[in-house]
Amino acid sequence: MDKVSGKLGKYICYLLIFTTQWMALNIAYAQDRFNEAVSNANNFSRQMLDSRALPSFNANGDVMKDGKVLISKEHLTGSENESFPAETDSYGNDSGTIIQGESAIAKYNQTTLDSARNNSEKAYHMVKNSFDRQKPDLTNDPMWGQTDKTLSNLADIAAGFSSCKLDKQLVSTGKDYHVPKIETCTKLPAQEGTFSIGHDYDVGIIKHESGPVNILSCGEGCIRVWIGTVGNDYWSGWCTLYEEQMALRVIQPQAITYVELEKSVYDDYHQVWLNDDKVYNGPNANFPPETAGECELSTSWVVEPKINLTPYFTDLKPDSVLQFKTRTSVAGNGEGYSSMVIHYDPNKLIHNDVWVDDERVAKAKEMKKQADDGFCKFNISCKQQPVLDENKCTQINGFNVCESAFGHNPLAEFGISPFCKRAEISSTCEFNQAELCYENIQGEIKCFDNKTVNKNTCKEYEENPQCSYKKTECVEGALGASGKCYVQEDTFDCGFTASTGTEVEEEVLICDGKLQCVGEACYSPARDQPNGDFGEVNAYLEMLRYARADMNCKNVPERPYDADNPPDRYSPVTGCPAGYYYKKNSDLCLKEIGCTYSVNDYYAANLRDGIEIVANNTVVVADTSKTQCLPVNKNGMIFTCGAAVKKLATDTFYEVCTNQKATSTPNSCPSDSHILNSKTDYCEVPPTVTCPADYELVKGDDDFSELDDVCQSKTFAVNKSCPAGYTMQGDQCKKKSHNLYNVIVHLAIGIMAVIVRKQLIQIYLIPVLLVMKKVVIAVESTTRLITHTIVQVVL
């Protein structure tokens, strides 16, 4: 029995060893299969992504995909001979889409609903006019009557669906019908009133805080600061010390580029201190009576220390105070003062530039539109701003500031200067103070006087639950050129319900009790099939979320090139010589000579018959293959379409324009301040390197790097020392740069560090690894011994 038990125990041990190892193998195999499936799915998705083809537009405006017309222009716009109000090549470019949208709105606003030339313009103005009209309050409209009744009686309705009984009630034998009672009313939606728009801004880089300080402009981007009392022989004594304390508030330290102690004037000794640091002692190292040296030097000194003080300013936090102190030792009569020159970025002179607020600016523009339509009076004036000179400039905090230094001015179109701190706007609409008459839909002539009439006579009908809103129309003569209606008429139906029969007593079924669902009355699996659209839409949304996470828009231009306002970075565009404009659909640079239109001179386009160009009563071009306005080269002259004049049937007639052509330059940077960066392939503004006074700039080979630019001194610095960031090379101060020698030294140091690191690994790490290997072997042997002992015990 013991022998059988021993063999059985051995077989059980073998079985356990085999099954546990096999389970691990199965898990590893399944994991490999799962990883392989995931990898195949990822590869398939990448192939699908790489093979996708984004839609594009051809010259005719058709949507193209894989070289074929996917959607024609006619199907896309819903009508023939439509033109796009803006360019259509901004797919995938958010800022470009916004710019083109604003351009389209500007073009649409050049026409009205009556002067619209095509269906898209008519649709735009119909929607715009609808939004501009005041909408009635439909809260109490009868069309909501049944809904309101249901919502207010939910408890009663819920109690009437299960317990049913027969009862007798009066029931009408006829049909109900509505008896209309039409009421009309008027609204005057013009905006009136008076309000103000505030403008907050700060000017300056520094300003006077305390003590004898004079601040004067020394040109664009430069100010001169005198510290100490300016004069001559205003102190007396013998080896007598005089101190003056003063302070400057540094508003924008980040805008300061260079500061220098320019000049010191004194008799006999002079010191300049910044905070607790002595930055100048002259004319020598002595300063009696605190040191040895003669008290009277019999000289009024005028020296130029040329000491770089830039770090004292740029290391400060914004709006910090910098303390100055001058100390002068006088024998007999004397004086002591100094001057600094501060260079700054003039583009940062204005800061915290904020107009308050955007809604009021939009309201002012709407009021101006009312005045342009001739229905209201509009006035805007500035109530607070400094006095400007003939160049639109003024002095603020010692700085010469001009209007060009400000950013965006939303009130520029009203003639308001950006210096304005508060603008006041007023609008009065008295266009209908005289008697205004109109004919309503009943043919009645109605007149009213704006002095006594309520500007919204529709309120009583809006609040009456028996009145139903029907329509809104603009009173004749009250439509402005901008398309805004200044007197609109609303129509309401305040009628009642009548019946064609009489009431008789009949038996009706009345059910009282709780709402119940019996059988398939509420839900039927056969009838109510599951809707898979939700799952599909959710999957697409998840795909978009992952696609958005993978987007990388770093260093992408924020918007396309704009000739009037070029961005800091933009993609190269096709350029033209001065005076020429680029025609994208023909890849030509054109200069317009002139345009004309008559029965003998025109450009006609037709989707079926093509184009026809007539000049001087001669058919110059007749081409059925072209169906829209395109530049045509005939005998060295380029003909193009001008303004559309008229439309007959399917023909549109335009002015015929003659043009000169020039060769275009691909991948160019048209703006003068931009050049092509070969590293990024974008048009960018190269960095501007400035040098202090008495230094000249020596440009390097790389326009987009400052490392190879050198500020070279024309003369020796004082005491043959150089400002911070410069080194003395021969007789010149040159800017520190990463030259080839420094690169080689740093490379050699790096190689030595790698060699030393490798030696340390060989000395210390390899012996440690050998010891660890022996420990592992010992542990493994011990484990095997223990396992063998356990098996023997079991057997």
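Tutor: Two strands pair if DSSP finds at least two bridges between them. Keep that in mind as we look at this predicted model.

Student: How do you know that β8 and β11 pair?

Tutor: β8 and strand β11 (residues 235-250) share 4 bridges in the antiparallel sense. The rule asks for at least two bridges, so these strands count as paired. Within this pairing, lysine 207 stands opposite arginine 249 in β11.

Student: What sheet has the order β8-β11-β17-β13-β14?

Tutor: That is an open sheet of 5 strands, with antiparallel pairing. From one strand to the next, the twist averages 25 degrees.

Student: What makes β8 and β14 edge strands?

Tutor: β8 (206-210) and β14 (277-282) each pair on one side only.

Student: How do you know that β41 and β42 pair?

Tutor: Over 3 bridges, β41 and strand β42 (residues 682-684) pair in the antiparallel sense. At least two bridges are needed, so the pairing counts. Asparagine 677, for instance, has tyrosine 682 in β42 as its bridge partner. These strands belong to an open sheet with the order β30-β42-β41.

Student: Why is the pair of phenylalanine 375 and tyrosine 486 called stacked?

Tutor: The ring centres of phenylalanine 375 and tyrosine 486 are 4.3 Å apart, with 15 degrees between the planes. Centres within 6.5 Å make a pair, and planes under 30 degrees apart count as stacked, so both conditions are met.

Student: What does this pair tie together?

Tutor: Phenylalanine 375 lies in the loop between α8 (358-372) and β20 (377-384), and tyrosine 486 in the loop between β26 (468-474) and β27 (488-493), so the pair links parts that are 111 residues apart in sequence.

Student: Why does phenylalanine 375 count as buried?

Tutor: The relative accessibility of phenylalanine 375 is 13%. Buried means under 20%, so the label fits. Tyrosine 486, at 0%, counts as buried too.

Student: How do you know that lysine 484 lies over the face of tyrosine 486?

Tutor: Lysine 484 is at 5.8 Å from the ring centre of tyrosine 486. The distance cut-off is within 6 Å, and the charge must also be within 35 degrees of the ring normal. Lysine 484 is listed as lying over the face.

Student: What makes the link between lysine 187 and glutamate 462 a polar contact?

Tutor: The side chains of lysine 187 and glutamate 462 make this contact at 3.1 Å. The limit is within 3.5 Å, so the distance passes. Lysine 187 sits in strand β6 (residues 182-187) and, at 2% relative accessibility, counts as buried.

Methods
Residues numbered from 1 in each chain as written. Predicted model: local features only at pLDDT ≥ 70, side-chain atom pairs only at ≥ 80, totals over all residues. Heavy atoms only, no water. Phe/Tyr/Trp six-rings, centres within 6.5 Å; stacked < 30°, edge-to-face > 60°. Helix = DSSP H or I, 4+ residues; strand = E, 2+ residues; numbered from the N terminus. Buried < 20%, exposed > 50% of the residue type's maximum accessible area, 1.4 Å probe, protein only. Polar contact = N/O pair within 3.5 Å; in protein donor to acceptor, adjacent residues only side chain to side chain. Axes fitted to C-alpha atoms, helices over the stretch in contact; angles between N-to-C directions.
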